[in-house]
Amino acid sequence: YCKIINMGAEVVDLNCSKAKYTHVIFDMDGLLLDTERIYTDIMSQVASKYGKTFTWDIKVQLMGQPGKTSSQKAVELMELPIDADQFSAELQVLKNELFKTTNLLPGVEKLVYHLVKHHIPIAVASGSNSKDFITKTSKHAEFFKLFPIIILGDNAEVKQGKPFPDQFLVTLSKFSDAPPAEKCLVFEDSPNGVVAAKAAGMGVVMVPDERLNVEFQHNPTLVLKSLEDFKPEDFGFPPFDE
């Protein structure tokens, strides 16, 4: 069985089998990098400029979506008196400064270095565009060199962003020994990402924001409070060294 650690409480799900996975795909924002806090800050700043409020309910709907889609939806949901292009431009000014300060989240380095050590194929599948990716990862360039495959939201092969499965299916196809989708384990923090991974036929470990209601988790394979709680052996990978 799998032990679901949900907001501090442990729940045993007897329907959750310990499938053996061979490949791993990571989301980036809010999963590898602590960028969601920054997104909230800059979205709130731009919204308040026009007398609007960027609420948690709105944020949940935007998480995991590519930039253009996210901006358009944000403008509509907050009823801003500007178009998506202007909204994106105002966000970009703040992004260019704040994304340089982004840190890796707890448990990230331990897990990624462990998978690399044991020759587990890994990749990143992020809705972030190439320009933002460079800024976000500027402090962690060496770390991101560990990922031979990085598929971003502005990749021409990704026709539709999350919650559609394109991002993960394109990423899967780039593995030199591309396995069946069911052998691939995805790590995600967003509801849209979980839906996308499941639509791609993959297993998915969700590490959600603690404020996210269970109803928006969309039944992932496993829910964790932090990547620090992940046990590789539960999914067919070598256990962490003591």
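**Exercise 1. Which residue in β5 is the bridge partner of Val124?**

Solution. The model is predicted, so local features need pLDDT of at least 70 and side-chain atom pairs count only at pLDDT 80 or more, while totals for chains, interfaces and linings use all residues. Residues are numbered from 1 along each chain as its sequence is written, and side-chain values use heavy atoms, with hydrogens and water left out.

Begin with the strands, which are DSSP runs of E with at least two residues, just as helices are runs of H or I with at least four, both numbered from the N terminus. Strand β4 covers residues 122–125 and runs parallel to β5, to which three bridges join it; two strands pair if DSSP finds at least two bridges between them. Within β5, the partner of Val124 is Ile150.

**Exercise 2. Work out the strand order of the open sheet and place two helices on it.**

Solution. The six strands follow the order β5-β4-β3-β6-β7-β8, with parallel pairing. At the edges stand β5 (149–151) and β8 (222–223), each of which pairs on one side only. Helix α5 (residues 108–117) packs on the sheet and touches β3 (23–26), β4 and β6 (184–188), its direction making about 150° with that of β3; contact here means heavy atoms within 4.5 Å. Helix α9 (residues 191–199) lies across β6 and β7 (203–206), and runs at about 165° to β7. Such angles run from 0 to 180 degrees between N-to-C directions, the axes being lines fitted to C-alpha atoms, for helices over the stretch in contact.

**Exercise 3. Describe how α4 packs against α1 and against α3.**

Solution. Take α1 (residues 36–49) as the starting partner: its axis lies 10 Å from that of α4 (residues 84–98), at an angle of about 135°. That makes α1 oblique to α4, given that angles under 35 degrees count as roughly parallel, over 145 as roughly antiparallel, 65 to 115 as roughly perpendicular and the rest as oblique. Residues of α1 in this contact include Ile38, Ile42 and Val46, and those of α4 include Phe87, Leu91 and Leu98. By class, the contact holds nine nonpolar residues, one polar and four charged; Ala, Val, Leu, Ile, Met, Phe, Trp, Tyr, Cys and Pro count as nonpolar, Asp, Glu, Lys and Arg as charged, and the others, Gly among them, as polar.

Turn next to α3 (67–78), whose axis comes within 8 Å of that of α4 and crosses at roughly 105°. The helices α3 and α4 are therefore roughly perpendicular to each other. Among the residues that meet are Val75 and Met78 in α3, and Phe87 and Leu91 in α4. Six nonpolar, three polar and no charged residues make up this contact.

**Exercise 4. Where do Asp29 and Lys136 lie, and what does their salt bridge tie together?**

Solution. The closest N and O atoms of Asp29 and Lys136 are 2.9 Å apart, and a salt bridge is a side-chain nitrogen of Lys or Arg within 4 Å of a carboxyl oxygen of Asp or Glu. Asp29 lies in the loop between β3 and α1, and Lys136 in helix α6 (residues 130–136), so the pair ties together parts that are 107 residues apart in sequence. The structure holds ten salt bridges.
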